[in-house]
Amino acid sequence: MAFFFFAKFMADSILNVHDYTWQVIVNPNACDCKCLNYWNDIASKLDVNSVKYELHQAQGSKKGIEIAQQLCAQGCRHLMVIGGDGTINEVVNGIMLSGID
């Protein structure tokens, strides 16, 4: 099971997940298509706990880079990534390529 959560934390403040709309990047094909099942479980828990999110599907080569760059350019700073190591790598590269501080 390979899913990771990325968020921008500030050292002197506590992160309240309810204060943000999380941008969720899911690669449903990752981990032999198990990530789609992982996402369904996670989505139900987010819904039960009233955590706001927007779903982005990273299907295809380099889609994670493209999605992460676009989200960062739009000012999004709270990302959740559900996928394998390739998906995580793409999203991290997209964040780095976006040029945000």
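Two rings of Phe, Tyr or Trp count as an aromatic pair if their centres lie within 6.5 Å, with the six-membered ring standing in for Trp. Keep that in mind for later; what you have open is a predicted model.

Start with the whole chain as a cartoon. You'll find three helices and four strands, and going along the sequence they run β-β-α-β-α-β-α. Switch on the surface: about 6200 Å² is exposed, with carbon and sulfur atoms supplying 52% of it. Of the 101 residues, 38% are buried. If you draw a contact map, take the contacts with a separation of 6 or more: 78% of them join residues 24 or more positions apart.

Next, select Val-24, Trp-39, Ile-42, Leu-46, Met-80 and Ile-82. In the largest nonpolar core, which has 13 residues, these touch the most other members. Now colour strand S2 (21–26), helix H1 (30–48) and strand S4 (78–82), each of which supplies at least two residues of this core. H1 gives the most, with seven residues. Another core, of 12 residues, lies apart from it; to find that one, pick Ala-58, Leu-79, Val-81 and Val-91, which are among its members.

Back to the rings. How many aromatic pairs does the structure hold? Just one. Show Trp-39 and Tyr-53 as sticks: they sit edge-to-face, 5.3 Å centre to centre, with 85° between the planes. Trp-39 belongs to helix H1 and Tyr-53 to strand S3 (residues 52–57), so the pair links distant parts of the chain, 14 residues apart.

Finally, colour both by accessibility. Trp-39 counts as buried because its relative accessible area is 6%, under the 20% cut-off. Tyr-53, at 25%, is partly exposed.

Conventions: Residues numbered from 1 in each chain as written. Predicted model: local features only at pLDDT ≥ 70, side-chain atom pairs only at ≥ 80, totals over all residues. Heavy atoms only, no water. Core = buried A, V, L, I, M, F, W, Y, C linked by side-chain atoms within 4.5 Å. Buried < 20%, exposed > 50% of the residue type's maximum accessible area, 1.4 Å probe, protein only. Contact = heavy atoms within 4.5 Å. Areas by Shrake-Rupley, 256 points an atom, 1.4 Å probe, with all protein chains shown as cover. Phe/Tyr/Trp six-rings, centres within 6.5 Å; stacked < 30°, edge-to-face > 60°.
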